[in-house]
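User: Please take a close look at the largest pocket of this protein, and set out what lines it and how one of the residues there is placed.

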Amino acid sequence: MPRDSMPLQELPCLSLVQGSMLSQPKRINKRKSRGCLSEGLDTECTPTELIQQWSPSHKHQRLISKGKENDGEQFVLARRSRRKKEPTSGISWDQLPDELLLRILFYLPLQDLLRMSVVCKRWHRLGFDESLWRSVDLEGLTHMGPALQQVLKTRVRRLRCPRSFVEELHFIGEGPLHIVEMDLSSSIIPTSALESIICRCRLLEYLSLEGLQLSDTIINSLSKNTNLLQLNLSGCSGFSAPALAEMLQSCSRIEQLNVSWCDFNNNHVKSVVENLSCSVAHLNLSGYRESLTLDDVKELVTRCPLIKTLDLSDSTLLMADSFPVLKQLKYLLHLSLSRCYHIHLAALTDLGNTFPTLCLLDVFGVVQNSHLPSLKKEIPHVSINSRPFSSIARPTPASRLTGSLSDRTMWNRRCRLRFKL
């Protein structure tokens, strides 16, 4: 019988090995079994799986043939051991303490700080440490909803983002914000998003919401910021007179208030003059042509005798009979009566005697340019029409925005982190 056709059961050594493996699996000596395979088995008729199972394994070396012409020669392919890295001189960034890294990161601009925060988890944690985000300037940023939400999470204290576009905000968590100074003037922001910000503020001292659509919810939330010192609501609308009165009663420490050109009626004006705190020193109540009366001025002077700057421009009902009432303001330094057309030039010439402490007088639209020299001769110690824009409670006075480069200050201080367009 040919060898290739010999049945597998006729190999006695294979049956012996299989029998010994099945009957005594725990007592088999691997060396003896391998010897039996090498001595008694013909590898051509032995299953490949069995040969591989009992063949010695080579973990660190591989035998490779060089080719058919050199079948008898083999070489060993081995992996070299890795060399140990020599210790480098100096200190690694990973060895620096957090305090030192934070001091270094303090000098990075905003864009570089954001790039650095994606290097690793530790640098991300340090990059958003609250000590680096105390003052942030995001002026003119569009679609800044996610960015604003991330900034608010860093416990920012001074936030400047006028003339910005903010979409809907969805805050996670209900913790209070730590904002002390905030400027959102002339921004495009939904009322609901603004409510979600103001409702979480309790530490506000300086706030500007000029030109925004507000609500009673926002005004009621401002009542909880009892440390408020300067408030700019110029050109705002959407809130009622009772909500305004309650807010002014609660915020009794206000020193500068700007409520000019708001969507006010007579009730709003009375809410202001009847509920202002005596601590108010700078007040802008301009733009209420037929809503501000002489009786309102009398009530105002009685409640706020410490006023230094008063802007009653565009109040067409005021006449020269208001001067004896305003004379009670012994600390008045700056008076604005622009476009109060019922006040004549002859009445203005006596202001030098009526207001001995007066330094600045704005009467744009009341006195023609040809009559200014004669008026300046009558009251030489008073500067006339030198302030076309009011700076009361405004974070950045309008006079500083007329140049080619806008002033990025907020209440006379710059923000450390600034977004550059």
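Analyst: The account below begins with the pocket, turns to one residue of its lining, and ends with the wider setting.

The model is predicted, so local features need pLDDT of at least 70 and side-chain atom pairs count only at pLDDT 80 or more, while totals for chains, interfaces and linings use all residues. Residues are numbered from 1 along each chain as its sequence is written, and side-chain values use heavy atoms, with hydrogens and water left out.

The largest pocket holds about 660 Å³ of space. A pocket here is an open set of points on a 1 Å grid over the protein atoms alone, where a 1.4 Å probe fits and protein lies on both sides within 12 Å along at least five of seven lines; lining residues have an atom within 4 Å of a point. Grid points are joined across faces, edges and corners, and the volume is the space filled by probe spheres set on them. The lining comprises 35 residues, of which F389, S390, S391, I392 and R394 are the closest to the pocket centre. Two or more lining residues come from each of the strands β9 (282-284), β10 (309-311), β11 (334-336) and β12 (360-362). Strands are DSSP runs of E with at least two residues, and helices are runs of H or I with at least four, numbered from the N terminus. By character, the lining divides into 11 nonpolar, 17 polar and seven charged residues. Ala, Val, Leu, Ile, Met, Phe, Trp, Tyr, Cys and Pro count as nonpolar, Asp, Glu, Lys and Arg as charged, and the others, Gly among them, as polar.

R394 belongs to the loop between β13 (383-384) and β14 (409-410). This arginine has a relative accessible area of 19% and therefore counts as buried, a class that means under 20%, with exposed over 50% and partly exposed in between (1.4 Å probe, protein chains only). Leaving aside residues up to four places away in sequence, R394 touches E210, N232, S234, N258 and W411, where contact means heavy atoms within 4.5 Å. R394 and W411 lie 17 residues apart in sequence, with 7.5 Å between their C-alpha atoms.

As for the wider setting, the protein has 16 helices and 16 strands. Of its 421 residues, 44% count as buried. Among contacts between residues at least 6 apart in sequence, 61% join residues at least 24 apart.
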